[in-house]
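Open the model in a viewer with both the cartoon and the side chains available. The stops below go from the cysteines to the chain contact and then to the salt bridges.

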Amino acid sequence: MSGQYQLNKELAQMLKGGVIMDVTTPEQARIAQEAGACAVMALERIPADIRAAGGVSRMSDPQMIRSIQDAVSIPVMAKCRIGHFVEAQILEAIEIDYIDESEVLSPADDVYHVDKTQFRVPFVCGARDLGEALRRISEGASMIRTKGEPGTGDIVQAVRHMRKMNAGIRKVVSLREDELFEEAKQLQVPYALVKQVHDEGRLPVVNFAAGGVATPADAALMMQLGAEGVFVGSGIFKSGDPKKRAAAIVQAVTNYKDAKLIADLSAGLGEAMVGINEQEIELLMAERGK
Amino acid sequence: MRIGVLALQGDFAEHISKLTSLGIDAFEIRKLSDISNRFDGLVLPGGESTVMKKLLHALGLFNPLKNLISDGLPVLATCAGMILLAKSLEDGEAPCFGTMDITVKRNAYGRQLGSFRCVDKFNGIPTEMPFIRAPYVKKAGKSVDVLSVHDNRIVAVRQQNQLAAAFHPELTADNTVYNTFIEMITK
């Protein structure tokens with residue numbers, strides 16, 4: 001394992017217990033930082049708007065990303081399209097802190113993901129289950145987030161993916177050593193990673209929840225289900241009072257088992273983002289990239 | 001010996017497993033009621049200092065912890081933790097606890113691509129040092145002992161009961177920094 005890869009996994013460890021917020025302007029980035037975000041995701045349009053606008057969705061303008069890098073001291077992440085290694089090269093060139101190879105953007109390659117081992121900059125990737133997570137890790141991802149369904153404000157898919165991921169881990173842990181080879185075959189991943197999950201009882205990298213978090217209760221739900229932190233995309237800046245909601249979600253992630261506190265945090269937050277139910281979605285972003 | 005680890009955000013779990021492996025009773029501090037019983041030492045972990053500062057105030061932990069530190073409770077602070085202790089920050093932002101007479105430059109080595117690992121001396125002992133989007137000490141007051149200098153920059157300091165490192169001893173198998181901290185508690 002290269003020294004840089006180790007450092008990249010360790011940066012994700014520093015983000016644990018935190019909330020990563022989608023922002024589209026330096027002003028929003030500052031609001032996010034003041035509210036207690038542990039990192040921001042710089043993008044031109046938040047997922048709810050990408051969904052509404054339709055068309056091809058690409059990496060953000062580097063100038064816009066730079067203006068956000070200048071606005072805050074916390075790490076700045078940005079998205080490239082699945083398989084678009086040139087967008088990734090550009091993001092590395094502007095010294096982004098983390099690249100999200102993301103299903104939220106239109107995929108650039110319907111077969112291959114970016115070979116992330118060729119980069120020094122860290123990558124986070126989405127996954128719906130253990131197999132997908134380990135495939136991304138073997139390609140060089142140093143952080144995973146469960147996919148959920150971005151831009152919906154509907155938590156059901158985030159819950160489904162986190163439960164599936166954890167069930168997959170529990171299964172691998174419970175297998176006999178001589179059964180791990182077959183499990184690697186079934187999961188379509190390298191044996192060494194399956195062995196590591198078997199021995200350590202967890203993913204080899206930090207795992208956040210994403211895709212559909214809209215309330216402090218949603219965030220705490222994902223933490224109680226085993227997430228190590230939370231991405232909030234459209235949920236904050238599509239809501240009535242972004243500042244207050246952002247701060248409340250941050251506190252709910254820290255004290256995710258304290259129902260009394262979360263009750264207080266959830267009171268008087270104003271309008272949550274208007275959600276779209278799973279059944280009403282035409283485009284399932286989570287289906288992009290397997 | 002009981003050591004409380006500030007567990008608002010960051011790599012507090014790594015500190016706790018390290019302390020546990022050294023046979024120490026370590027517990028998480030997430031809210032005010034967590035510090036109602038007496039404890040012998042405090043750890044301020046790595047993570048994002050802006051997040052921790054915000055939550056310290058929001059959860060009513062700021063004043064009680066600041067008083068404990070000022071009254072001599074031994075503290076180990078790593079990376080973001082060092083920023084929390086610093087009396088002043090080079091970027092002009094308001095300090096958090098401000099109990100240690102140092103000026104700290106945040107993200108001093110640049111963005112993630114500037115993160116690195118090295119072995120250098122801590123209090124004279126070669127020690128593994130991972131620096132992750134790390135700060136360093138730009139200026140240390142007269143009452144501050146410099147324990148590590150890497151590449152001409154001050155990266156570990158001690159002022160009486162406060163021990164601070166710009167790197168992450170919690171991410172290595174090396175116990176040098178912890179041994180110093182535990183000595184501060186027991187002596």
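Start with Cys38(A): its sulfur lies 14 Å from the closest cysteine sulfur, in Cys79(B), which is too far for a bond. Cys38(A) is buried, at 0% relative accessibility (buried is under 20% relative accessible area, exposed over 50%, partly exposed in between, with a 1.4 Å probe and protein chains only). Next select Cys118(B), whose sulfur is 13 Å from the closest cysteine sulfur, again in Cys79(B), and too far for a bond. Cys118(B) is buried as well, at 13%. Over all chains there are zero disulfides (pairs of cysteine sulfur atoms within 2.5 Å).

This is a predicted model, in which local features need pLDDT of at least 70 and side-chain atom pairs count only at pLDDT 80 or more, while totals for chains, interfaces and linings use all residues; side-chain values use heavy atoms, without hydrogens and water. Residues are numbered from 1 along each chain as its sequence is written, with chains lettered from A and ligands numbered from 1 in the order in which they are written.

Now show the contact between the chains. Here 33 residues of chain B are in contact with 37 residues of chain A (heavy atoms within 4.5 Å). The two chains bury about 2,800 Å² between them, 53% of it on carbon and sulfur atoms (accessible area, 1.4 Å probe, lost on being put together and summed over both parts). In chain B, select Arg111(B), Gln112(B) and Leu113(B), which lose the most area to chain A, together 27% of what that side buries.

Four salt bridges run between chain B and chain A (a side-chain nitrogen of Lys or Arg within 4 Å of a carboxyl oxygen of Asp or Glu). One to display is Arg133(B) with Asp97(A), where the closest N and O atoms are 3.0 Å apart.

Which salt bridges should be selected within a chain? In chain A, Lys171(A) and Glu183(A) pair at 3.0 Å, N to O. Lys171(A) is in helix H7 (residues 156-174) and Glu183(A) in helix H8 (residues 180-187), so the bridge ties together parts twelve residues apart in sequence (helices, H or I, of at least four residues and strands, E, of at least two are DSSP runs, numbered from the N terminus). Lys171(A) is partly exposed at 42%, whereas Glu183(A) is buried at 8%.

In chain B, go to Arg106(B) and Glu93(B), bridged at 2.7 Å, N to O. Arg106(B) is buried at 12%, and Glu93(B) is partly exposed at 30%.

Finish in chain A with Arg128(A), Glu132(A), Lys147(A), Glu287(A) and Lys290(A), which are linked in a network of salt bridges.
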